[in-house]
Amino acid sequence: MTFEPTDEQIAVRDAARGKQSLMIRAYAGTGKTTTLEFAGKEIKAPALALAFNVSIKKELERRFAPNFTVKTLNGLGYGALMRAMPGTTFQPPDGRKIGKLVSHVAKDEKIDLMSEAWDGVKSLVMLAMHNGLVPRDEGRPLIEDNEANWLAMMEREGILPDDYSFFKNLAYKVLEASNRLTEQGIISFDDQVYYSVCVRGQFPKFPVMVVDEAQDLSPLNHAMLELSKRDDGRLIVVGDPKQAIYAFRGADSQSMARLRRLKPESEWQDLALTLTFRCPKLVVDRQQSHAPGFRAHASNAP
């Protein structure tokens, strides 16, 4: 069966032949991946396609031509670490790395941490990493290692003012210890992004970058794109701000709007995918105030 692209999909495909960067707002069920496949066939230069997770990466690999390098965001960061640290043997990422270090540092400090305090220290360390803070501002941090930023993070974590010194002292030591272990090749999944962006990753430069699920990118992910883009390169950004769901993992709720800062405004072309092939017509009608212009295909369920 031959698939007939919609007018919106044709517009994206044709724009991919040009020189401008593309900002594509794609509502739910509008054939986003198929549209990217159409657009990808028009891109002949070496290109990087960034996927939010492994399943999307595998799907894009299947659909894109060999001139595309397809990576997850973590995979891009991990490759940047390996290029920056060629003599280092990296161990498989340890999802319990920070938790282990919280326990280890507390033991060294002769502190018997209760579970609530243990959780608080770990959460504070993770927040510092997601915000791009590096002890003593080594490398290329996103925010400064200063009292104001630590206070803001502790307030966000609900830490009481009387406990600020206690939590900051432990979190600081854990973050320092974590970075030392990274230098030895002992990493977490978060280090693949945090350390590569904020300390010493070496990112390859691509003439074209395609970014999927752009609504769920974090400030660290934005910095990855900044480090990977060429001044004369293009960005093709696809996502739906209405479907941003990963704020709890550090995603920027204004991700797509802030990605526009990576290129001059005159270099962006805005496009939309509004025709859904998946959502029932009744659901689409009810979403008009939330998603203006959302449309249901004639074959959709009532």
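The buried residues of helix H2 are Lys32, Thr35, Leu36, Glu37, Phe38, Ala39 and Gly40, where buried means under 20% relative accessible area, exposed over 50% and partly exposed in between, with a 1.4 Å probe and protein chains only. Helix H2 covers residues 32–40, and because seven of its nine residues are buried, it is largely enclosed by the rest of the structure. This is a predicted model, in which local features need pLDDT of at least 70 and side-chain atom pairs count only at pLDDT 80 or more, while totals for chains, interfaces and linings use all residues. Residues are numbered from 1 along each chain as its sequence is written, and side-chain values use heavy atoms, with hydrogens and water left out.

Stepping back to the whole protein, there are twelve helices and eight strands; these are DSSP runs numbered from the N terminus, with helices (H or I) of at least four residues and strands (E) of at least two. The C-alpha atoms fill a box of roughly 70 × 45 × 35 Å along the principal axes. Of the 302 residues, 49% are buried. Contacts (heavy atoms within 4.5 Å) often span the chain: among those between residues at least 6 apart in sequence, 71% join residues at least 24 apart.

Helix H6 offers a closer look at such contacts, since it contains Leu127. Leu127 is buried at 7% relative accessibility. Apart from its neighbours within four places in sequence, Leu127 touches Met153, Arg156 and Glu157. By contrast, 16 Å separates the C-alpha atoms of Leu127 and Phe166, which are 39 residues apart along the chain.

Aromatic rings come next. The whole structure holds five aromatic pairs, meaning rings of Phe, Tyr and Trp (its six-membered ring) with centres within 6.5 Å; planes under 30 degrees apart count as stacked, over 60 as edge-to-face and the rest as tilted. In one of them, Trp150 and Tyr172 have ring centres 5.9 Å apart and planes at 45°, so the pair is tilted. The pair links distant parts of the chain, with Trp150 in helix H7 (residues 147–156) and Tyr172 in helix H8 (residues 164–183), 22 residues apart. Trp150 is buried at 0% relative accessibility, and Tyr172 is buried at 17%.

Charged side chains also form pairs. A search finds 22 salt bridges, each a side-chain nitrogen of Lys or Arg within 4 Å of a carboxyl oxygen of Asp or Glu. One of these joins Glu265 to Arg260, with the closest N and O atoms 2.6 Å apart; Glu265 is partly exposed at 49%, whereas Arg260 is buried at 18%. Lys263 and Glu267 meet at 3.2 Å, N to O, with Lys263 buried at 6% and Glu267 partly exposed at 31%. Another salt bridge, at 4.0 Å, pairs Lys229 with Glu226; here Lys229 is buried at 12% and Glu226 is partly exposed at 39%. In addition, Arg13, Asp14, Arg17 and Glu42 are linked in a network of salt bridges.

Finally, the backbone has some features worth a look. Most residues other than glycine have a negative phi. Lys110, however, has a positive phi of about 60° and lies in the loop between helix H5 (97–108) and helix H6 (115–131). Glu213 has a positive phi of about 50°, in the loop between strand E4 (206–211) and helix H10 (219–228). Lys110 is exposed at 76% relative accessibility, while Glu213 is buried at 19%.
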